[in-house]
Amino acid sequence: MSNWEEHFCADEAKDARTRGKAYYANKETKETRWDEPESFRTFRLDVDAGIFTEIGRDAIGEVVKPLRFLMRCESARDAKAWMNARDVLYKILKNISEHPNEGKYRRLNKKAGGSFVEKVWSVRFARECLVACGFTETADAVELILDTQRPEMNAKTLTKCRVLLSRLEPAIKARDAHVRLAQEDDSSSGVNRRHLAPNKKCSHCSNEIESGARRLWTTDPFAPKGQYSFKCSQCVDKDYILCETCWDKKIENREPIHVEHARFEHVPPIESRHNTSTRGFGRGPWGNFAASSVGNARERLRQRTGL
């Protein structure tokens with residue numbers, strides 16, 4: 001097990017030299033570096049050798065070697081070339097991995113001015129990535145040729161493609177994660193980040209209890225709706241909270257949860273910006289808001305049920 005983890009900078013990083021660039025962080029020492037640690041490189045080769053058993057460890061090293069040089073961005077130009085090649089290579093290899101018997105995905109046209117030629121085939125290390133996987137160049141195309149008479153060789157060739165694909169996937173996932181984060185920031189512009197604090201977790205099942213704050217403050221219709229939570233008001237541990245599912249189990253005696261006769265406070269989800277800071281019934285930053293229709297309904301419910 002390696003203490004190092006691979007991360008990637010955002011494609012829109014302020015420093016153009018670091019856009020999409022890989023960096024490595026040590027979980028124990030908190031050290032970060034741009035160059036891939038030798039121990040981490042060896043660890044990943046060992047892991048891949050255990051997964052892709054059709055080819056040997058040395059063959060895996062030859063496949064990923066040009067990718068390491070492609071990811072070594074020393075200038076803004078290198079970073080742009082890496083990001084362009086990354087996206088196109090991932091699409092090519094993913095199509096081949098999902099449709100290995102479809103010849104159209106294994107044949108890449110060398111059309112002048114085309115995206116493939118500009119972003120991959122004209123870039124040295126990106127081109128070498130495909131060559132290492134078994135692609136060969138013809139007069140008007142670059143093709144991964146499979147011999148129907150040699151199924152074992154075909155399996156090894158396709159395995160090389162999957163090895164390179166697995167190395168590109170973390171970069172693609174990081175790219176998509178950065179894009180989603182940027183979109184969330186745009187959609188919640190003007191929203192104080194304290195309103196989007198992490199949800200609390202159920203003390204019994206450890207599932208998150210959606211507070212409703214994200215749906216309220218971002219006005220995103222696809223954000224999850226808020227849920228009720230149930231907080232123990234008697235025990236020493238004041239943070240003992242149950243979700244709706246565990247509360248139902250406790251009330252229906254389907255499962256022994258917490259102290260049998262403990263008293264719980266019913267905490268509603270956040271439904272109004274006026275009662276965000278205090279989540280109890282009938283309270284808000286200006287005191288009792290029971291004059292509103294929602295407040296009146298809650299007050300009647302509390303009088304009837306005693307909740």
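Strands and aromatic rings in a predicted model

Strand β1 (residues 4-8) and strand β2 (residues 22-26) run antiparallel and are joined by five bridges, in what is a predicted model. Within this pairing, H7 of β1 has Y23 in β2 standing opposite. The side chains of β1 alternate along the strand, with W4, E6 and F8 pointing to one face, where they are buried, while E5 and H7 point to the other face and are not buried. H7, the residue opposite Y23, therefore belongs to the face of β1 whose side chains are not buried, since buried means under 20% relative accessible area.

From the strands we can turn to the aromatic rings, of which a search of the whole structure finds six pairs. One of these pairs is formed by F69 and F125, whose ring centres lie 5.2 Å apart with the planes at 15 degrees, so the pair counts as stacked, because planes under 30 degrees apart are classed in that way. This pair links distant parts of the chain, as F69 lies in helix α2 (residues 57-71) and F125 in helix α6 (residues 124-133), with their positions 56 residues apart in numbering. F69 is partly exposed, having a relative accessible area of 30%, and F125 is partly exposed as well, with a value of 22%.

Elsewhere, F230, W247 and F264 come together in one aromatic cluster. A ring also takes part in a contact with a charge, where the charged end of K21 sits over the ring of W34, at 4.5 Å from the centre of that ring.

Notes:
Residues are numbered from 1 along each chain as its sequence is written. This is a predicted model: local features need pLDDT of at least 70, side-chain atom pairs count only at pLDDT 80 or more; totals for chains, interfaces and linings use all residues. Side-chain values use heavy atoms; hydrogens and water are left out. Buried means under 20% relative accessible area, exposed over 50%, partly exposed in between (1.4 Å probe, protein chains only). Helices (H or I, at least four residues) and strands (E, at least two) are DSSP runs, numbered from the N terminus. Two strands pair if DSSP finds at least two bridges between them. Rings of Phe, Tyr and Trp (its six-membered ring) pair if their centres lie within 6.5 Å; planes under 30 degrees apart count as stacked, over 60 as edge-to-face and the rest as tilted. A charge sits over a ring if NZ of Lys or CZ of Arg is within 6 Å of the ring centre and within 35 degrees of the ring normal.
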